[in-house]
Every structure is written in C-alpha cells, then in structure tokens.
Amino acid sequence: MQLNLAVLPGDGIGKEVTTEALKVLGVIAGQNGHTLNYEEALVGGAALEAEGASISQATLDLCKNSDSILFGAVGLPKYDQAPADRRPEQALFALRKTFDLFSNLRPVKNLPVLQNASTLKPEVLNGVDLVVVRELTGGIYFGKPSQRFTDEGGRKAVDTLPYSEQEIERIVRVAFELAKTRNGKKKVTSVDKANVLNTSRLWREVANEVGKDYPDIELEHMLVDSAAMNLIRKPAAFDVIVTENMFGDILTDEASMLAGSMGLLASASLGSIKNPQGGQFGMYEPIHGTAPDITGQGIANPLAAIGCAAMLLRLTYGLETEANAIETAIENVLHKGYRTPDLYESGMTRLGTSQMGDAVIAELQK
Ligand SMILES: NC(=O)c1ccc[n+]([C@@H]2O[C@H](COP(=O)([O-])OP(=O)(O)OC[C@H]3O[C@@H](n4cnc5c(N)ncnc54)[C@H](O)[C@@H]3O)[C@@H](O)[C@H]2O)c1
C-alpha cells in the first residue's frame with residue numbers, strides 16, 4: 001500500500017516528536033510491504049516567519065492531495081500577544097475548517113506500569129480505557145454573535161452556542177460506530193447540560209434518535225458537571241464519551257491526566273472527506289503543545305506522536321495489525337523501564353527523544 005502523507009511538524013517540540021513518528025512509520029511500512037511517501041511543510045509560527053501566514057494555500061493544497069496529515073504542534077511564546085490573524089493556532093482552525101474535521105478522537109488508557117505517574121490512586125485507574133469524541137467545528141467557539149461592547153450598564157460581552165441536528169447527529173454517530181468496533185464496554189456516554197441549555201436538550205433528543213440505530217450499544221446521558229466528577233471518581237466505567245466542543249475541550253484535558261503524562265496521548269481529527277485513495281482523511285496530532293520550556297533539549301516524550309502514527313494506520317488505512325504492533329511496542333518499552341524525563345522515576349532508564357524512538361523501533365524489529 002502507498003502511504004501518502006502531508007507532514008506538518010510545526011513549532012517547538014512538534015518537530016522533534018514528529019521526526020520519531022516518521023522513523024517508526026518508515027520501519028513499520030518497510031516491514032509490511034508498504035511505501036511511505038511524505039512531504040513536509042511549514043505550519044504555525046514557523047510558517048508565519050517564513051511565509052507570512054500560519055498556513056499557506058500551497059500547504060493546504062499539499063494536504064488536499066495527501067491521504068492524511070501527520071501534525072506536530074503549533075505556538076510560540078513570542079506570538080502570545082499577537083492579534084488573532086497573526087497567531088500560529090490559526091493554522092489549526094484553517095485545517096479543521098478546510099477539511100471539515102468535525103470529530104476529535106482522544107483515546108485514554110491507563111497502563112498499570114505507569115500508575116505512579118498519575119496523581120490518582122491505582123485502584124481508581126485500574127481498567128481505564130476510554131475514548132472522548134469531541135465535536136470540533138461547532139458550538140460556542142464558532143457561534144455568532146461573539147463580541148464585546150459597552151452600553152449604559154457598563155462593559156458587556158456575548159458568545160453564542162448554536163448546534164444543528166445535523167451537527168449533533170454526525171458526531172453522535174461517530175461515537176456509536178466507535179463503540180461498536182472497539183473491544184470495550186459497548187457503551188456511549190453522551191455528555192450535555194440538558195437541565196439548563198436548549199442546545200443540550202436538542203443534543204439529548206438527537207442522541208436518543210441515533211441510539212435507536214445501535215440496539216447493541218448502551219446509551220447513557222450524563223450532565224457535564226457529573227461527568228467531570230465521574231472522570232476522576234470511577235473513570236474505568238466509561239467506554240466512549242461524546243460531547244460538544246467546549247465541554248469536550250475541558251473534559252479531554254481532565255481525562256488526559258488519567259494516563260500520567262501529556263506526552264503519551266495521541267488524537268485524531270476526522271471528517272466526512274475521503275482521501276485520494278478513498279480512505280478516511282484525518283489529521284493526527286499529539287494532544288500536547290510545543291513545550292517551549294524543553295524545546296531543543298532532545299528530551300520531549302515522542303510516544304504521543306508515535307501513537308498518532310498508530311491511529312493513522314488504523315483509521316486512515318485500516319491497517320489494524322500494524323497499528324497494534326506500534327501500540328504494543330510502546331507498551332513494551334515502558335514495561336522495560338525506559339522513560340523520557342516527564343515520566344522518569346528512580347530505578348528506570350532515562351532516554352532522550354531520539355533514543356525513545358529507537359527503543360520503539362527495536363521492539364518492532366524483534
Ligand atoms: N495542538 C497544538 O498545537 C497545541 C496544543 C496545546 C498548546 N499549544 C501551544 O503550545 C505552547 C505551549 O503551551 P503549554 O505550555 O500550555 O502546553 P504544552 O503541552 O506545550 O506544555 C505543558 C507542559 O507539558 C510538558 N510537555 C508537553 N508535551 C510534552 C512531551 N511530549 N514530553 C515531555 N513533556 C511535555 C511541557 O514541557 C510543559 O511543561 C502554546 O503556544 C500553546 O498555544 C499548541
């Protein structure tokens with residue numbers, strides 16, 4: 001199989017971890033008779049500096065002609081005060097919009113070998129294996145009006161939270177499809193605030209309608225405040241969580257702590273678009289940012305980026321065996337006690353970014 005990728009490493013450690021993911025992809029492709037073709041392009045701060053925009057039309061065209069995007073991270077401290085149109089993160093919005101990447105999948109698994117890395121007790125973490133499906137292109141981050149103004153009452157601001165039944169239906173369906181294929185509890189937890197918000201009441205109504213098409217999957221509804229509590233009270237009870245954009249933004253960061261480090265978690269953003277080979281177009285990115293505090297030191301954890309390579313193989317190409325091989329290799333290096341500094345405990349073997357990539361490759365080559 002030809003694997004044709006657009007690679008957008010971005011800023012900071014984005015470049016460092018993407019290099020390792022590509023190394024691993026190259027090896028797994030070679031082992032299984034696939035050909036890895038990829039073209040790199042600038043995005044984020046790197047693109048702003050060299051090309052005057054956080055993502056150029058040429059880069060969007062490159063993505064359009066590729067099967068999927070392997071993404072690093074964007075953002076640099078020097079742009080923190082920049083106006084919206086001069087910020088590296090604009091590239092993310094442009095990509096999500098251009099490719100209609102409406103669903104963001106974030107798997108979170110707690111590996112027993114990493115239980116000390118989490119702030120939660122081991123007995124709470126046992127068996128945690130969930131995916132959050134976050135709606136990514138609608139809701140309060142995009143609703144209009146969104147503005148500040150001043151009237152006789154003083155300074156005021158407004159944001160708007162709109163959702164249509166089509167937007168809800170398509171994201172809830174992604175969650176049910178995932179619950180069907182995952183080796184999990186066959187359960188979808190739809191998170192809303194239906195006791196207060198009209199959009200949430202519509203969300204719940206549509207979720208119930210979609211649920212009728214999946215009689216083998218249990219559908220439960222949970223208010224977002226209760227979901228926030230249950231994620232740290234009994235996280236192992238979840239299988240697939242589906243929710244709107246802002247609730248998902250908050251809950252996914254909370255859920256990431258169940259795994260132990262940001263440096264471990266991969267994500268996929270998917271839409272309705274097919275790639276040139278007829279497969280699922282997607283953008284695969286670690287959930288972490290550019291980590292300016294450790295950039296250039298060669299110590300970033302590349303396992304999230306390598307996990308993205310596994311998700312890409314599974315979701316864009318249907319290469320389940322190859323994806324499982326990468327995920328098993330990641331677990332094996334951790335079992336052997338290899339750790340980048342973010343996860344280091346005494347008695348373990350400390351590795352840098354590139355050494356960790358090599359360790360995963362060594363496992364794959366066994
Ligand atoms: N999707 C993205 O591109 C994305 C996501 C989040 C933040 N950002 C951007 O990244 C910049 C820094 O943001 P931040 O500091 O809030 O979040 P961050 O994720 O970059 O870093 C938070 C902390 O986690 C550590 N960390 C993150 N990834 C790590 C890894 N792979 N290995 C080891 N340690 C890791 C960092 O060293 C830091 O201490 C900002 O400009 C922000 O806008 C981008």
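A polar contact is a pair of N or O atoms within 3.5 Å. The exercises below use this cut-off on a predicted model.

**Exercise 1.** Find which backbone atoms make polar contacts with oxygen atoms of the ligand, using Val74, Gly289 and Ala291.

*Solution.*
Step 1. Start from the shell: 20 residues surround the ligand, and Val74, Gly289, Ala291, Asp293 and Asn301 are the closest.
Step 2. Take glycine 289: one of its polar backbone atoms is 2.7 Å from a ligand oxygen.
Step 3. For valine 74, a backbone N or O atom lies 2.8 Å from an oxygen atom of the ligand.
Step 4. For alanine 291, the distance from a backbone N or O atom to a ligand oxygen is 2.8 Å. On its own, the ligand has 800 Å² of accessible area, of which the protein covers 68%.
Step 5. Compare with the cut-off: a pair within 3.5 Å counts, so glycine 289 at 2.7 Å, valine 74 at 2.8 Å and alanine 291 at 2.8 Å each qualify.

**Exercise 2.** Sort the shell around the ligand by residue class.

*Solution.* The shell has 10 nonpolar residues, 6 polar ones and 4 charged ones.

**Exercise 3.** Describe how H6 packs with H7, and how H10 packs with H11.

*Solution.*
Step 1. The axes of H6 (residues 165–181) and H7 (residues 198–211) cross at roughly 50 degrees and come within 9 Å. H6 is therefore oblique to H7.
Step 2. The crossing of H6 past H7 is right-handed.
Step 3. H10 (residues 303–315) and H11 (residues 320–335) have axes 7 Å apart, at an angle of about 160 degrees. Angles over 145 degrees count as roughly antiparallel, so H10 and H11 are roughly antiparallel.
Step 4. H10 passes H11 in a left-handed crossing.

How values were computed:
Residues numbered from 1 in each chain as written. Predicted model: local features only at pLDDT ≥ 70, side-chain atom pairs only at ≥ 80, totals over all residues. Heavy atoms only, no water. Near = heavy atom within 4 Å. Polar contact = N/O pair within 3.5 Å; in protein donor to acceptor, adjacent residues only side chain to side chain. Areas by Shrake-Rupley, 256 points an atom, 1.4 Å probe, with all protein chains shown as cover. Nonpolar A, V, L, I, M, F, W, Y, C, P; charged D, E, K, R; others polar. Axes fitted to C-alpha atoms, helices over the stretch in contact; angles between N-to-C directions. Helix = DSSP H or I, 4+ residues; strand = E, 2+ residues; numbered from the N terminus. Parallel < 35°, antiparallel > 145°, perpendicular 65-115°, else oblique. Left-handed = near helix turned anticlockwise from the far one by under 90°.
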